[in-house]
Amino acid sequence: MSIAEEWDERYRQFDRMWSGNPNSALLHAVASLGLRPGFAVDVGCGEGADALWLSDAGWHVTAFDPSSVAITRARAADAKGAVTWLVGRLEDVDVEGTFDLVTVMYPVLDATDDTVSRLWSLVAPGGVLLFVHHEGCSDILTPEDVAKMSPGRVILNETHEKDVTHGAGAHHHTDHIIAVRAE
């Protein structure tokens, strides 16, 4: 079974897999870093809550996920048709250009230089790579890995408490946030 098929199967198990709300770590990071709207890409966007929030906040957003089920739900939630939605994995999605903000929330990515290089290739000069994962994760790409392997300057490195009461992520309460700026 491919990664895309695996994620499609997971999404089919729920009417809505995630809470439907934008990630509190995203809201916190955008506010605390004083990020101004520009061009953003949401890597592994799931059902699209973060991408939709960014779009509503004035960002021009491209979002992708390997699950066609998730992208179908995200498109359905995008009443304005403001976000460019793509189906694909980081390794193979055809994303044009670079972005002022690259968001990566709870990804299931290999901890390799190639993965970080691909993420970094999406970041425009002066742009920010925002990477968030559950505190203590260790078997995949972690915020610590991103901080070590990125050529930019770490501008945010902190834990963030969250209160999610429903959806598949409700059992996680502490996130690790890393933001790296391209110089």
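## Helix 3 and the glycine after it

A helix here is a DSSP run of H or I at least four residues long, and helices are numbered from the N terminus. The model is predicted. Helix 3 spans residues 49-56. Just after helix 3 comes Gly58, with a positive phi of about 105°.

Which residues of helix 3 are buried? They are Asp50, Ala51, Leu52, Leu54 and Ser55. These buried residues pack against both helices and strands. The helical partners are helix 2 (24-33) and helix 4. The strand partners are strand 1 (39-43), strand 2 (60-65), strand 3 (84-87) and strand 4 (99-105).

## Helix 1 against helix 4

Helix 1 covers residues 3-12, and helix 4 covers residues 68-77. Their axes lie 7 Å apart and make an angle of about 55°. Helix 1 and helix 4 are therefore oblique to each other. Angles from 35 to 65 degrees fall in that class because they are neither roughly parallel nor roughly perpendicular.

On the helix 1 side, the contact uses Asp8, Tyr11 and Arg12. On the helix 4 side, it uses Ser68, Val69, Ala70 and Arg73. By class, the contact residues are three nonpolar, one polar and three charged. Tyr11, Val69 and Ala70 count as nonpolar. Ser68 is polar. Asp8, Arg12 and Arg73 are charged.

## The aromatic pair in helix 1

How many aromatic pairs does the structure hold? It holds one. The partners are Trp7 and Tyr11, with ring centres 6.2 Å apart and 45° between the planes. The pair is tilted, because planes count as stacked under 30 degrees and as edge-to-face over 60.

Trp7 and Tyr11 sit four residues apart in helix 1, so about one helical turn separates them. Both are buried. Tyr11 also takes part in the contact with helix 4.

## Strand 7 and its two neighbours

Strand 7 runs from residue 174 to residue 181. Is it mostly covered or mostly open? Mostly covered: six of its eight residues are buried.

Strand 7 pairs with strand 5 (residues 123-134) through seven bridges. It pairs with strand 6 (residues 153-161) through eight. Strand 5 runs antiparallel to strand 7, and so does strand 6. Arg181 appears in both pairings. It is the bridge partner of Val128, and it stands opposite Arg153. In a regular strand, side chains alternate between the two faces of the sheet.

Technical notes: Residues are numbered from 1 along each chain as its sequence is written. This is a predicted model: local features need pLDDT of at least 70, side-chain atom pairs count only at pLDDT 80 or more; totals for chains, interfaces and linings use all residues. Side-chain values use heavy atoms; hydrogens and water are left out. Buried means under 20% relative accessible area, exposed over 50%, partly exposed in between (1.4 Å probe, protein chains only). Helices (H or I, at least four residues) and strands (E, at least two) are DSSP runs, numbered from the N terminus. Two strands pair if DSSP finds at least two bridges between them. Axes are lines fitted to C-alpha atoms, for helices over the stretch in contact, and angles run from 0 to 180 degrees between N-to-C directions. Angles under 35 degrees count as roughly parallel, over 145 as roughly antiparallel, 65 to 115 as roughly perpendicular and the rest as oblique. Contact means heavy atoms within 4.5 Å. Rings of Phe, Tyr and Trp (its six-membered ring) pair if their centres lie within 6.5 Å; planes under 30 degrees apart count as stacked, over 60 as edge-to-face and the rest as tilted.
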